[in-house]
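This report considers the nonpolar packing of the structure shown below, and then the surroundings of its ligand.

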Amino acid sequence: MKIKKILEAGVPEMSFEVFPPKTESAFESVQGAVREIAALRPSFMSVTYGAGGGTSQYTLDIAKDIKKAFGVPMLAHLTCVSSTKESVRARIEAMKDAGIENVMALRGDLTPEMEGADRSRWAYRYAVDLIRDLKESSADFCIGGACYPEVHPESANQKEDIKYLKEKVDAGVDFLTTQMFFDNNLLYSFLYKIREAGITVPVVAGIMPITRATQVARAIKLSGSFMPHRFVSLVDRFGSDPDAMKQAGIAYATDQIIDLYANGITNVHVYSMNQPDVAAKIQANVSAILGKA
Ligand code: FAD
């Protein structure tokens with residue numbers, strides 16, 4: 001099923017993101033965790049693409065397995081930065097052959113080696129280059145793109161970031177998923193600005209439950225997200241007690257999600273980090289809102 005159709009229904013729904021194993025030996029344990037998450041019957045699930053593409057086959061294997069065993073609509077991520085046209089074409093064909101209908105088209109992060117390279121020689125410099133190739137392929141993919149309520153770290157300012165976001169959407173993006181954020185007001189203000197800029201596709205709010213104190217530094221490094229005082233004091237207070245931190249992190253994410261639904265944001269994607277218990281608790285906390293009580 002095309003994810004666009006789910007998002008446009010206009011009723012509160014929740015989906016989960018999982019990541020593929022890094023090695024073959026970890027495949028079974030990751031598959032087990034992902035299957036537990038799929039058993040919650042989310043509206044869809046996304047499977048990330050390992051940086052550099054080394055685990056691309058696992059992304060497809062996990063997506064295929066869940067779709068077949070649980071019938072959950074799947075979104076496979078694909079990155080392109082510094083890839084060749086040939087390798088991307090092969091990955092697009094593999095997705096089509098695997099029956100993937102939904103693709104999250106991403107640039108991918110720059111590694112330190114890439115930073116100094118001559119980027120004018122790359123076949124793919126931005127996600128928009130991949131989106132154009134996906135649109136030209138023979139498969140009729142539903143295409144997702146990433147967006148950044150707090151501005152992409154490489155952008156000079158929000159105006160420029162939104163200008164390129166509009167270009168990306170106009171190239172064929174059917175929906176956008178946000179980077180994690182911990183203050184909903186940042187999303188509301190971002191939505192106002194992108195709608196004003198003429199971006200009308202559905203926007204899925206990405207929520208990261210922080211359940212371990214060690215995740216905080218990584219989350220800030222990855223996303224540059226602003227941490228509200230309420231969140232910082234929660235980590236200060238409970239960070240050294242794993243059970244308390246998990247409970248508090250789930251409660252914080254739940255609170256954010258309820259506020260989103262209350263303000264008319266119907267599409268929420270939880271970065272579940274392959275933790276079925278966290279996914280289950282968050283879903284249970286909003287079960288009546290989702291009509292799953
Ligand atoms: P782009 O849309 O290309 O934007 C990157 C930067 O370039 C921005 O600053 C943008 O403003 C600027 N830009 C865009 N177009 C132009 C242009 N034409 N000219 C000049 N500047 C331009 N990474 C992974 O490796 N695997 C994953 O599975 C993955 N999943 C993700 C899921 C979500 C929801 C998000 C938000 C991020 C994900 N990432 C993933 C991380 C992502 O790859 C990085 O954030 C990356 O740095 C940017 O990717 P993008 O697709 O947003 O890039």
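## Nonpolar cores

The largest nonpolar core, meaning a set of buried Ala, Val, Leu, Ile, Met, Phe, Trp, Tyr and Cys residues joined through side-chain atoms within 4.5 Å, has 69 residues, and those with the most contacts inside it are M14, M45, I66, L176 and I257. Its largest share, six residues, comes from helix α3 (residues 56–70), and buried here stands for under 20% relative accessible area with a 1.4 Å probe, protein chains only. Apart from this core lies another, of 14 residues, including I210, A219, L234 and V235.

The model is predicted, so that local features need pLDDT of at least 70 and side-chain atom pairs count only at pLDDT 80 or more, while totals for chains, interfaces and linings use all residues. Residues are numbered from 1 along each chain as its sequence is written, and side-chain values use heavy atoms, with hydrogens and water left out.

## Ligand surroundings

Around the ligand there are 24 residues, of which Y49, D109, Y148, S155 and K168 come nearest; a residue belongs here if one of its heavy atoms lies within 4 Å of the ligand. The largest share of this shell, four residues, comes from α7, helices being DSSP runs of H or I with at least four residues, numbered from the N terminus.

A nitrogen atom of the ligand lies 2.7 Å from a polar backbone atom of Y49. Ligand oxygen atoms are found 2.8 Å from an N or O atom in the side chain of H77 and 2.7 Å from an N or O atom in the side chain of S155.

Notes
Buried means under 20% relative accessible area, exposed over 50%, partly exposed in between (1.4 Å probe, protein chains only). Helices (H or I, at least four residues) and strands (E, at least two) are DSSP runs, numbered from the N terminus. A polar contact is a pair of N or O atoms within 3.5 Å; within protein, one must be able to donate a hydrogen and the other to accept it, and residues adjacent in sequence count only if both atoms are side-chain atoms.
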